[in-house]
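Biologist: Please take a close look at the charged side chains here, and describe their surroundings.

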Amino acid sequence: MSTREEDMVDLALTELENAMDALHRLNRETNIVDDVEYNRLNRAVWDMEQVLKDWLEVIGDEQNE
């Protein structure tokens with residue numbers, strides 16, 4: 001994987017984390033999203049983060065072979 005690709009994945013992970021932090025703060029102030037929906041969103045973001053992290057790990061392992 002190129003450095004550019006790694007940077008893009010790192011950026012995507014950071015943006016996902018920032019989006020969830022912003023949603024958490026907004027929801028704490030406005031309660032615009034109910035707990036069930038918030039938990040669904042949080043789980044979906046967590047799943048995306050795990051896919052990206054796993055992908056990085058697999059690519060890294062392939063490069064080390």
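Modeller: Helices and strands are DSSP runs numbered from the N terminus, with H or I over at least four residues for a helix and E over at least two for a strand. The model is predicted, so local features need pLDDT of at least 70 and side-chain atom pairs count only at pLDDT 80 or more, while totals for chains, interfaces and linings use all residues. Residues are numbered from 1 along each chain as its sequence is written, and side-chain values use heavy atoms, with hydrogens and water left out.

Start with the loop between H1 and H2, where asparagine 31 sits. Its phi is near 55°, a positive value in a residue other than glycine. Asparagine 31 counts as exposed because its relative accessible area is 56%; the classes are buried under 20%, exposed over 50% and partly exposed in between, with a 1.4 Å probe and protein chains only. Asparagine 27, in helix H1, is buried at 9%. Setting aside residues up to four places away in sequence, asparagine 27 touches Ile32, Val33 and Tyr38, where contact means heavy atoms within 4.5 Å.

Now the charges. Lys and Arg count as positive, Asp and Glu as negative, and His and the chain ends are not counted. Side chains of opposite charge can pair when their charged atoms come close. A salt bridge requires a side-chain nitrogen of Lys or Arg within 4 Å of a carboxyl oxygen of Asp or Glu. The whole structure contains 2 of them.

One joins glutamate 37 to arginine 40, with the closest N and O atoms 2.7 Å apart. Both residues belong to helix H2 (residues 35-64) and are 3 residues apart, about one turn of the helix. Glutamate 37 is partly exposed at 35%, whereas arginine 40 is exposed at 53%. Another joins arginine 43 to aspartate 47, with a closest N to O distance of 3.1 Å. This pair also lies in H2, with a spacing of 4 residues, about one turn of the helix. Aspartate 47 is partly exposed, with a relative accessible area of 32%.

Glutamate 49, in helix H2, is buried yet has no salt bridge. The nearest side chain of opposite charge is lysine 53, 5.0 Å away. Beyond its neighbours within four places in sequence, glutamate 49 is in contact with Leu13, Leu16 and Glu17.

Lysine 53 is itself in H2 and is partly exposed, at 42%. Between the C-alpha atoms of lysine 53 and leucine 13 the distance is 8.3 Å, for 40 residues in sequence. From lysine 53 to threonine 14, 39 residues apart along the chain, the C-alpha separation is 12 Å. Threonine 14 belongs to helix H1 and is partly exposed at 39%.

Finally, Glu5, Glu6, Asp7 and Asp10 form a negative surface patch. Patches take residues with over 30% relative accessible area and no salt bridge, joining like charges within 9 Å and nonpolar side chains (Val, Leu, Ile, Met, Phe, Trp, Tyr) within 5 Å. A charge is placed at NZ of Lys, CZ of Arg, CG of Asp or CD of Glu. Accessible areas come from the Shrake-Rupley method with a 1.4 Å probe, and for residues only the protein chains shown count as cover. Of the patch members, glutamate 5 lies in helix H1 (residues 3-30) and is partly exposed, with a relative accessible area of 37%.
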